[in-house]
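Biologist: Could you walk me through this one? I'd like to begin with how you use your terms, and then go residue by residue.

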Amino acid sequence: MKLPGVGRKTANVLRGQVFNESAITVDTHVNRLSTRIGFSLQKDPVKKEYELMQCWPKNIWTDLSSLLILHGRAICTARKADCRRCCINMNCQKNTLK
């Protein structure tokens with residue numbers, strides 16, 4: 001984060017994807033889905049990151065972030081969650097099929 005233009009989110013992406021260090025990247029999708037699914041109620045991304053770190057084992061942080069990002073782009077989008085195609089809808093607080 002000492003490099004110009006590199007914030008916490010970019011630093012965590014680099015840590016996880018390039019340097020193979022465990023990191024949770026709270027981007028738009030992770031922020032939205034972690035609230036929608038019920039993993040976190042924090043609004044501040046840094047607080048949300050730390051809360052998610054307490055909920056999940058360190059060895060899955062990077063993969064969890066990547067999966068939430070992909071899930072948020074493809075199935076659980078901001079405009080409309082496609083709960084019929086969702087593989088975790090039975091555990092989701094916002095499941096529209098209940």
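Modeller: Let me begin with a term: contact here means heavy atoms within 4.5 Å. Please also keep in mind that this is a predicted model.

Biologist: Fine. Which residues is Ile 24 in contact with, leaving aside its neighbours within four places in sequence?

Modeller: With those neighbours left aside, Ile 24 is in contact with Asn 12, Glu 49, Leu 52, Met 53, Trp 61 and Ser 65. Ile 24 is also listed among the residues with the most contacts inside the largest nonpolar core, together with Val 30, Leu 33, Ile 37 and Leu 68.

Biologist: How many residues does that largest nonpolar core have, and which helices each supply at least two of them?

Modeller: The core has 14 residues. Helices α2, residues 28-37, and α4 each supply at least two of them, and the largest share, 4 residues, comes from α4. As a general point, nonpolar side chains in soluble globular proteins tend to be buried together.

Biologist: Stepping back, how many helices and strands are in the chain?

Modeller: There are 4 helices and 0 strands, so the radius of gyration is a useful next number: at 14 Å it is close to the 13 Å that the globule rule gives for 98 residues, and the chain is therefore as compact as a globular protein of that length. Along its principal axes, the C-alpha trace spans about 45 × 25 × 25 Å.

Biologist: And what share of the residues counts as buried?

Modeller: Of the 98 residues, 36% count as buried. As for the contacts with a separation of 6 or more, 48% of them are between residues 24 or more positions apart. The accessible surface comes to about 6700 Å², and 56% of that belongs to carbon and sulfur atoms.

Biologist: Back to α4. Is His 71 buried or exposed?

Modeller: His 71, which lies in helix α4, residues 61-74, is buried, because its relative accessible area is 13% and the cut-off for buried is under 20%. Apart from neighbours within four places in sequence, it is in contact with Leu 33, Cys 76, Cys 86 and Ile 88.

Biologist: What about Gly 72, where is it found?

Modeller: Gly 72 is found in helix α4 as well, and it is buried with a relative accessible area of 2%. Gly 72 and Arg 32 are 40 residues apart in sequence, while their C-alpha atoms are 8.1 Å apart in space. Once neighbours within four places are set aside, Gly 72 is in contact with His 29, Arg 32, Leu 33 and Thr 77.

Biologist: Now the segment after α4: which residues does Cys 83 touch there, not counting those up to four places away in sequence?

Modeller: Cys 83, which is in that segment, touches Asn 89, Lys 94, Asn 95, Thr 96 and Leu 97 on that count. Cys 83 is buried, at 7% relative accessibility, and its C-alpha is 8.9 Å from that of Lys 94, a residue 11 positions away in sequence.

Biologist: Last one: what is phi of Asn 20 near, and where does Asn 20 lie?

Modeller: Phi of Asn 20 is near 55°, which is a positive value in a residue other than glycine. Asn 20 lies in the loop between α1, residues 8-18, and α2, and counts as exposed because its relative accessibility is 70%, where exposed means over 50%.

Methods:
Residues numbered from 1 in each chain as written. Predicted model: local features only at pLDDT ≥ 70, side-chain atom pairs only at ≥ 80, totals over all residues. Heavy atoms only, no water. Helix = DSSP H or I, 4+ residues; strand = E, 2+ residues; numbered from the N terminus. Buried < 20%, exposed > 50% of the residue type's maximum accessible area, 1.4 Å probe, protein only. Rg over C-alpha atoms; globule rule 2.2 N^0.38 Å. Areas by Shrake-Rupley, 256 points an atom, 1.4 Å probe, with all protein chains shown as cover. Core = buried A, V, L, I, M, F, W, Y, C linked by side-chain atoms within 4.5 Å.
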